[in-house]
Amino acid sequence: MPLADRTIEPVYLGRRQLREEETGEEVVQVAVTHNALLGALVQLASLVRHADDLFCDLADECQKVFDHTERIIHKVKRIKEGVGHLDSKKVPIREY
């Protein structure tokens, strides 16, 4: 089984002990509903943090590729300019 690189928390959304004042059938139902909703919101926040981390890493990699591509383009332009100024008829040919 591979090791988890990122885990979303909380795993169990509604598992929280109810306080003593949360007694009575209607209060228990509301408390359980609130706990499940709160757990879902915390889980979504955890997911958003992981997504932000992934997209920041992806943006950094894209920036590195862009910078490398720009350097290659500048090198090719310099070579093109250098080759464009060459004239094979003006270069003396050595005789042996």
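**Exercise 1. Find out which residues Ser-46 touches beyond its sequence neighbours, and whether Ser-46 is buried or exposed.**

Step 1: Leave out residues up to four places away in sequence; Ser-46 then touches Thr-7, Ile-8 and Glu-9. Contact here means heavy atoms within 4.5 Å.

Step 2: Check the cover. Ser-46 has 3% relative accessibility, so it counts as buried. The cut-offs: buried is under 20% relative accessible area, exposed is over 50%, and partly exposed is in between, with a 1.4 Å probe and protein chains only.

Step 3: Place it. Ser-46 is found in helix H1.

A word on the source: this is a predicted model, where local features need pLDDT of at least 70, side-chain atom pairs count only at pLDDT 80 or more, and totals for chains, interfaces and linings use all residues. Residues are numbered from 1 along each chain as its sequence is written, and side-chain values use heavy atoms, with hydrogens and water left out.

**Exercise 2. Work out how far apart Arg-78 and Ala-36 are in space.**

Step 1: Start with Arg-78, which sits in helix H1, residues 25-84. The chain has one helix and zero strands (DSSP runs, numbered from the N terminus: helices are H or I with at least four residues, strands E with at least two).

Step 2: Count along the sequence, then go through space. The two residues are 42 positions apart in sequence, and their C-alpha atoms are 63 Å apart.

Step 3: Look at the surface. Arg-78 has a relative accessible area of 56%, so it is exposed.

**Exercise 3. Describe the overall shape of the protein chain using its radius of gyration and its spans.**

Step 1: Take the radius of gyration, which is 32 Å, against near 12 Å for a compact globule of 96 residues. It's taken over C-alpha atoms, and the globule rule is 2.2 Å times the number of residues to the power 0.38.

Step 2: Add the spans: the C-alpha trace covers about 110 × 30 × 15 Å along its principal axes.

Step 3: Ask how much is buried. Buried residues make up 6% of the 96.

**Exercise 4. Explain why Cys-56 forms no bond with Cys-62.**

Step 1: Search the whole structure: zero disulfides turn up. A disulfide is a pair of cysteine sulfur atoms within 2.5 Å.

Step 2: Check the gap. The closest cysteine sulfur to that of Cys-56 is in Cys-62, 12 Å away, which is too far for a bond.

Step 3: Compare exposure. Cys-56 is partly exposed at 37% relative accessibility, and Cys-62 is partly exposed with a relative accessible area of 47%.
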